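Visitor: Please take me through one helix up close. Then follow the thread outward to the annotated sites and the charged pairs.

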Amino acid sequence: MSRFLGTGVAMITPFHADYTIDFNALEKTINHLIDGKIEYIVVLGTTAESATLTKEEKKQVFEFVSEKVNGRIPLVAGIGGNNTAEVVAEVSNFSIKGYEAILSVAPYYNKPIQEGFFQHYKAVAEASKLPIILYNVPGRTGSNMSAETSLRLAKEVKNIIGIKEASGNFDQFNEIAAHKPEGFDLISGDDPVTLPMIALGAVGVISVVGNAFPLKFSEMVRTCLKNDFKGARKSHSDLLEFTRLCFAEGNPGGVKAAMKELGICEDYLRLPLVPVSSSTRAKIKTEVDFLR
């Protein structure tokens with residue numbers, strides 16, 4: 001059985017008004033997610049605004065989350081980049097207790113060819129003490145890692161155990177699901193397509209909207225995993241408009257606005273990200289009131 005069956009949440013990083021990390025709100029967020037019965041937390045993924053955190057801040061967050069979770073739920077560390085040597089150094093030196101895997105985003109901006117993707121991940125996986133989950137998100141990275149390359153990595157590199165697939169391409173999802181080796185997990189990287197991806201063979205999702213509504217979203221995923229897609233469809237439909245609004249003006253602006261409405265944290269973001277507009281905020285409030 002997959003170690004990452006069900007719902008993982010790519011956890012936000014709350015900030016104070018002066019843009020320093022709000023560790024009290026971070027602890028509140030951790031407990032909110034665990035109380036919401038999700039299966040695992042991804043720490044310092046894209047949703048955490050990790051691109052704007054310093055190395056020292058990242059270390060503080062990794063350690064703080066591990067300490068506060070205290071073994072209650074599995075943790076996955078987000079460590080990736082477009083400088084292979086630097087990522088190799090980071091994963092080889094990562095030894096913070098409580099983490100079970102590393103989620104590593106495909107190299108961005110450089111636009112590597114497929115062989116470049118393969119050699120990058122091969123080097124990262126061979127350097128890591130923890131298993132690696134690939135993360136393909138061409139909408140952010142500027143280039144797509146093909147299904148063929150993902151499957152090659154799955155079959156040839158022992159320490160690679162799954163992929164968070166956020167290409168939005170069902171041909172690609174189908175290819176991976178049909179030909180992946182046993183023990184390699186296909187994980188949805190897009191909240192609104194989680195239900196159909198599980199129908200194809202995905203083991204779950206790494207979610208953004210689960211930050212705000214962990215129980216509702218994780219119950220929908222568990223229902224899907226029982227092959228009760230009819231039963232899951234209402235929750236899926238109920239969450240669709242909220243999900244659309246969460247991404248309407250960028251991530252994590254939308255979900256942070258929702259979490260402010262829920263009283264979990266403020267919605268400060270570090271530049272170049274900014275909070276959502278007042279009109280989108282009003283629509284998010286309507287959906288939060290509907291869903292809570």
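Guide: Helix α1 covers residues 23-35, which makes 13 residues. From first C-alpha to last it reaches 18 Å, close to the 18 Å expected at 1.5 Å a residue. Keep in mind that this is a predicted model. At the N-terminal end of α1, D22 acts as the cap. A side-chain oxygen of D22 lies 3.3 Å from the backbone nitrogen of N24. Just after α1 comes K37, with a positive phi of about 65°.

Now the inward side of the helix. The buried residues of α1 are A25, L26, T29, I30, L33 and I34. They pack against two strands, β1 (6-10) and β2 (40-43). They also pack against helices α2 (55-69), α9 (214-225) and α11.

From β2, move on to the loop between β2 and α2, where T47 is found. UniProt, in an unreviewed entry, lists T47 and I206 under "binding site". The two are spread over 160 residues of sequence, yet they cluster in space, with a largest C-alpha distance of 10.7 Å. Both T47 and I206 belong to the lining of the second largest pocket.

Take T47 by itself. T47 is buried, at a relative accessible area of 4%. Beyond its sequence neighbours up to four places away, T47 touches A10, M11, I12, V208, N211, N251 and P252.

I206 sits in strand β8 (residues 204-207). At 2% relative accessibility, I206 also counts as buried. Leaving aside neighbours within four places in sequence, its contacts are G8, A10, Y40, V42, L103, K164, I187, S188 and G189. A10 is thus in contact with I206, and A10 is touched by T47 too.

K164, one of the contacts of I206, leads to the next site. The unreviewed UniProt entry places the feature "active site" at Y135 and K164. These two span 30 residues in sequence, yet no two of their C-alpha atoms are more than 4.7 Å apart, so they gather at one spot. Of this set, Y135 is taken in by the lining of the largest pocket.

Which strands carry the pair? Y135 is in strand β5 (residues 132-136). K164 is in strand β6 (residues 160-165). Y135 is buried, with a relative accessible area of 6%. K164 is buried as well, with a relative accessible area of 6%.

Their surroundings can be listed with sequence neighbours up to four places away left out. Y135 is in contact with T46, L103, S104, V105, A106, Y121, K164 and A166. K164 touches L103, I133, L134, Y135, N136, I187, S188, G189 and I206. So the annotated residues link up: K164 touches Y135 and I206.

Last, the charged pairs. Side chains of opposite charge can pair when their charged atoms come close. The model has 14 salt bridges by the rule used here. Three of them deserve a look.

Start in helix α10 (residues 229-248), which holds both R244 and E241. They are three residues apart, about one turn of the helix. Their side chains meet in a salt bridge at 2.7 Å, N to O. R244 is partly exposed, at 45% relative accessibility. E241 is partly exposed too, at 31%.

Next is helix α12, where K285 and D289 lie four residues apart, about one turn of the helix. Their salt bridge brings the closest N and O atoms to 3.0 Å. K285 is partly exposed, with a relative accessible area of 39%. D289 is partly exposed, with a relative accessible area of 38%. Elsewhere, salt bridges that share partners join K260, E266, D267 and R281 into one network.

Within that network, R281 pairs with D267, the closest N and O atoms being 2.6 Å apart. R281 lies in helix α12 (residues 278-291) and D267 in the loop between α11 (253-261) and α12, so the pair ties together parts that are 14 residues apart in sequence. R281 is partly exposed, at a relative accessible area of 23%. D267 is buried, at 6%. That brings us back to α11, one of the elements against which the buried residues of α1 pack.

Notes: Residues are numbered from 1 along each chain as its sequence is written. This is a predicted model: local features need pLDDT of at least 70, side-chain atom pairs count only at pLDDT 80 or more; totals for chains, interfaces and linings use all residues. Side-chain values use heavy atoms; hydrogens and water are left out. A salt bridge is a side-chain nitrogen of Lys or Arg within 4 Å of a carboxyl oxygen of Asp or Glu. Buried means under 20% relative accessible area, exposed over 50%, partly exposed in between (1.4 Å probe, protein chains only). UniProt positions are given in the numbering used here, feature names are shortened, and annotations may be inferred rather than shown by experiment. On a 1 Å grid over the protein atoms alone, a cavity is a set of points where a 1.4 Å probe fits but cannot get out, and a pocket is an open set with protein on both sides within 12 Å along at least five of seven lines; lining residues have an atom within 4 Å of a point. Contact means heavy atoms within 4.5 Å. The expected span of a helix is 1.5 Å times one less than its number of residues. A polar contact is a pair of N or O atoms within 3.5 Å; within protein, one must be able to donate a hydrogen and the other to accept it, and residues adjacent in sequence count only if both atoms are side-chain atoms.
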